[in-house]
Amino acid sequence: MLGGGGGDQWRTSMDIDSPKQHSINSRTSAAADLSALKHFSGNSFYMGSRQDMQSEVHRQSSESMENHSKKLQDDLHELGVKVKNHEDNVKYLKTLKNKFEESIVDMQAALGKYDKASFSKTVNKDPTHAMSEEETIEHILNKHEKSAAALLWGMKKHAEALSSDHSLTMDVVGIVATLGKVDDDNLSRLLSGYLGLETMLAVVCKTYEGVKALEEYNRGGLINESFGLHAFAASIGRPLADRFLVICLEDIRPYAGEIIADDPQRKLAIPKPRLHSGETPAGFLGFAVNRIAIDSTNLYCISKNGYSLRETLFYHLFSNLQVYRSRDDMLKALPCIKSGAISLDGGMIRSPGLCSLGHQRDIDVKFPSGSERLNLPDSYFEIENQLKEVKWKKDRALEDMQREQALLDHARVNYDTKKREYLQFLTQRSSRASQSPVGRVSTPR
């Protein structure tokens with residue numbers, strides 16, 4: 001029995017699980033199920049997130065490409081408008097220049113109808129024998145042969161001495177002494193003395209480009225003797241040893257006031273000086289700038305900005321310099337002298353508080369006499385003045401056209417560059433679209 005009972009007991013313990021063993025098995029099974037669940041859920045979350053991220057990246061990339069495409073299109077359109085505007089400007093200016101050239105030909109033909117030989121000269125005999133313009137030039141050539149003024153006149157008289165590069169003289173208007181005339185020899189002597197010999201022999205250029213054509217410097221700051229006026233001077237054996245003045249009309253601040261209406265010499269309407277009483281000083285004869293007679297060809301559009309020599313050169317030299325009959329008159333007018341004064345008996349006030357005293361030393365270069373001229377009709381000078389103005393307008397139209405052409409060329413280069421950039425962008429976008437993985441879902445193995 002004991003054996004049977006023991007056998008049954010043993011069998012029972014082997015066939016029936018204990019509570020502890022059952023608990024362990026349950027936990028193991030639950031852990032396995034939970035692990036499997038986590039594995040499945042993790043893979044599903046990863047797959048969903050990756051698809052969402054790919055979709056968001058694609059959406060942002062598409063928006064960025066569309067924005068960039070729109071910007072390129074806008075830039076291309078803007079550059080195209082610029083090209084069109086410059087093309088229209090060039091076309092207009094070319095037409096305008098051609099019209100001016102036709103007008104110039106017509107006016108030159110009209111002037112050619114006048115036979116100057118048939119018009120006699122009027123000469124006012126002056127006992128002091130004031131020099132004519134030709135005599136003034138000859139005097140400069142003979143007495144100041146090594147001056148820049150003499151060299152430039154020599155180049156004009158001997159055109160064959162010029163090189164193929166005419167930039168040396170093409171911008172030169174002339175010499176101060178030959179650009180104006182004074183009928184009164186005594187006044188000519190006084191005005192020349194006021195300016196001084198160096199200024200009377202100064203070279204006058206229209207632009208600063210003309211100034212640069214006269215003289216060049218090396219890296220050490222020394223004059224390049226093989227360039228400009230120095231090269232020409234050396235070629236004829238008369239090297240320039242002294243300094244010389246050059247006046248650039250482009251850099252001069254012109255007279256800003258009005259011109260006297262209907263005045264054939266286009267004199268400046270400068271207000272007369274007034275004493276405290278409101279009266280003009282006794283003996284006042286006018287302003288020096290208006291006492292200079294200027295050739296009709298220099299009364300219009302000499303400077304690049306369209307001003308005459310009176311408004312630029314001579315106003316720069318004389319400003320509001322007043323002219324009086326005598327020293328006594330001039331001294332009595334001191335309260336209203338702001339820019340200097342001279343008197344016909346030799347008095348000179350260079351500026352308020354600065355007087356020139358002592359014996360005046362005359363300089364040998366004076367303004368020529370303006371008393372000799374042809375008895376041409378007024379219509380001749382009207383056409384001549386119109387011709388000068390139209391030539392100036394043609395030159396300005398040509399400059400504007402060249403400037404617009406340069407802007408057009410630059411705009412075309414920018415347009416072509418932007419067009420290539422846009423076409424390259426379209427090609428890249430098409431290539432990316434064909435390689436895009438959107439729509440394809442990767443199934444995990």
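Colleague: In which helix is Leu214 found?
Modeller: This is a predicted model. Leu214 is buried, with a relative accessible area of 1%. The helix that holds Leu214 covers residues 208–214 and is H7.

Colleague: How far apart in space are Leu214 and Thr169, C-alpha to C-alpha?
Modeller: In sequence, Leu214 and Thr169 are 45 residues apart. In space, their C-alpha atoms are separated by 8.3 Å.

Colleague: What is the order of the strands in the open sheet of three strands?
Modeller: The pairing in this sheet is mixed. Strand E2 (172–175) and strand E4 (246–248) each pair on one side only, so they are the edge strands. The order is E2-E3-E4.

Colleague: Which residue in E3 stands opposite Val172?
Modeller: E2 and strand E3 (residues 203–205) run antiparallel and are joined by three bridges. The residue in E3 opposite Val172 is Cys205.

Colleague: Which helix gives the most to the largest nonpolar core?
Modeller: That core has 69 residues, and those with the most contacts inside it are Leu191, Leu313, Phe314, Phe318 and Phe367. The helix that gives the most, with seven residues, spans residues 148–157 and is H4.

Colleague: Is Arg310 buried or exposed?
Modeller: Arg310 is found in helix H9 (residues 310–318). Its contacts include Gln265, Leu268, Val289 and Tyr315. Arg310 has no salt bridge, as the nearest side chain of opposite charge, Asp263, is 6.0 Å away, and a salt bridge needs the atoms within 4 Å. Arg310 is buried.

Colleague: How many residues apart in sequence are the parts tied together by Lys418 and Asp75?
Modeller: Lys418 forms a salt bridge with Asp75, with the closest N and O atoms 3.8 Å apart. Lys418 lies in helix H11 (residues 378–435) and Asp75 in helix H2 (residues 19–112), so the pair ties together parts whose separation in sequence is 343 residues.

Colleague: Which residue of helix H11 forms a salt bridge with Glu87?
Modeller: Glu87 lies in helix H2 and is partly exposed, at 31% relative accessible area. Its partner lies in helix H11, so the pair ties together parts 325 residues apart in sequence. The closest N and O atoms are 3.0 Å apart, and the partner is Arg412.

Colleague: Is Lys332 buried or exposed?
Modeller: Lys332 meets Asp328 in a salt bridge (3.2 Å, N to O). Both lie in helix H10 (residues 327–332), four residues apart, about one turn of the helix. Asp328, at 44% relative accessibility, counts as partly exposed. Because Lys332 has 59% relative accessibility, it counts as exposed.

Technical notes. Residues numbered from 1 in each chain as written. Predicted model: local features only at pLDDT ≥ 70, side-chain atom pairs only at ≥ 80, totals over all residues. Heavy atoms only, no water. Pairing = 2+ DSSP bridges. Helix = DSSP H or I, 4+ residues; strand = E, 2+ residues; numbered from the N terminus. Buried < 20%, exposed > 50% of the residue type's maximum accessible area, 1.4 Å probe, protein only. Lys, Arg positive; Asp, Glu negative; His and termini not counted. Contact = heavy atoms within 4.5 Å. Core = buried A, V, L, I, M, F, W, Y, C linked by side-chain atoms within 4.5 Å. Lists of a residue's contacts leave out its neighbours within four places in sequence.
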